[in-house]
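Hi,

Here is the structure I promised to pass on. Have a look at it first, and my notes follow below.

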Amino acid sequence: MCGRYSITTAPEALRALFAFEEQPNLAPRFNVAPTQSVPVVRRDQEGRRRLSQLRWGLVPHWAKDLSIGAKMINARSETLAEKPSFRQAFARRRCLLAADGFYEWRAEQGPKAPKQPYRIEFPGRAPFAFAGLWERWGDREEGTRIDSVTIITTAANETLKPLHHRMPVILAPGDFEPWLDPEAEQPALQELLRPYPDKDGGYGDLSFYPVSTRLNKATNEEASLLDPLPPTNLL
């Protein structure tokens with residue numbers, strides 16, 4: 001599961017990691033939430049990597065309206081080739097989502113207790129890539145066209161199992177090109193959709209720590225949301 005994340009890395013560092021053509025002016029985002037616009041890297045017809053802003057929450061081309069996207073912020077890696085909402089995107093429209101941390105919630109005092117948010121990141125808040133799928137939706141009557149995206153999830157690794165049984169698929173830099181390759185075949189793609197290794201899989205080791213419950217409100221967007229919460233303040 002991945003319902004919130006951050007992308008605060010300087011554009012120059014993102015460009016160095018993802019090798020896209022644009023020179024964007026991206027403001028830091030500390031609390032990225034579903035239905036917002038997010039930075040996504042795709043290949044164009046000439047094979048170049050391009051950075052675009054897409055709506056988070058995939059809207060299938062056959063949807064009547066955009067509302068379904070709020071329910072499709074994540075896609076399970078195990079069923080991508082079967083689900084009508086994701087099958088065509090998995091075959092033809094794969095992408096990378098830029099991030100430098102994500103969040104998960106855990107009940108600290110039982111199933112009915114308020115949930116405590118945790119931040120998950122790499123050493124030095126290094127930027128990384130979620131594996132994603134994108135889709136194009138249009139309203140013919142209004143003449144609108146919207147590109148939307150979903151984050152692929154897989155089983156959690158041992159590091160993150162104490163927080164949740166699922167985690168987003170994090171692709172190592174060496175896997176960017178195989179994932180974006182339009183000629184890639186399904187078995188090879190499925191091999192990439194695995195839990196991030198518990199020991200350095202390309203970015204370092206994942207770790208997590210508690211953060212403020214101010215994160216719960218999507219309109220809260222400040223740098224202090226990334227700060228560790230003192231142990232005495234845990235729910």
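**Aromatic rings and a central strand**

Phenylalanine 122 has a relative accessibility of 1%, so it counts as buried, the cut-off being under 20%. Please keep in mind that this is a predicted model.

The aromatic side chains are a good place to begin. There are 13 aromatic pairs in the model. One of them joins phenylalanine 122 and tyrosine 203 in a tilted arrangement, with 5.1 Å from centre to centre and 40° between the planes. This pair links distant parts of the chain, 81 residues apart. Phenylalanine 122 is in the loop between strand S8 (115–121) and strand S9 (128–139), while tyrosine 203 is in the loop between helix H4 (186–192) and strand S13 (207–210). Tyrosine 203 also counts as buried, because its relative accessibility is 12%. Both residues belong to a cluster linked by ring pairs, along with Tyr5, Trp56, Phe102, Phe128, Phe130 and Tyr196.

Now to strand S8. Of its 7 residues, 6 are buried, so the strand is largely enclosed by the rest of the structure. S8 runs antiparallel to strand S7 (residues 101–107), and 6 bridges join the two; tryptophan 105 has proline 117 in S8 as its bridge partner. S8 also pairs with S13, again in the antiparallel sense, over 4 bridges. Here isoleucine 120 is partnered by phenylalanine 208 in S13.

Two arginines are worth a look as well. Arginine 42 lies over the face of tryptophan 134, 4.3 Å from the ring centre. The charged end of arginine 94 sits over the ring of tryptophan 179, at 5.8 Å from its centre.

Best wishes

Methods. Residues are numbered from 1 along each chain as its sequence is written. This is a predicted model: local features need pLDDT of at least 70, side-chain atom pairs count only at pLDDT 80 or more; totals for chains, interfaces and linings use all residues. Side-chain values use heavy atoms; hydrogens and water are left out. Rings of Phe, Tyr and Trp (its six-membered ring) pair if their centres lie within 6.5 Å; planes under 30 degrees apart count as stacked, over 60 as edge-to-face and the rest as tilted. Buried means under 20% relative accessible area, exposed over 50%, partly exposed in between (1.4 Å probe, protein chains only). A charge sits over a ring if NZ of Lys or CZ of Arg is within 6 Å of the ring centre and within 35 degrees of the ring normal. Two strands pair if DSSP finds at least two bridges between them.
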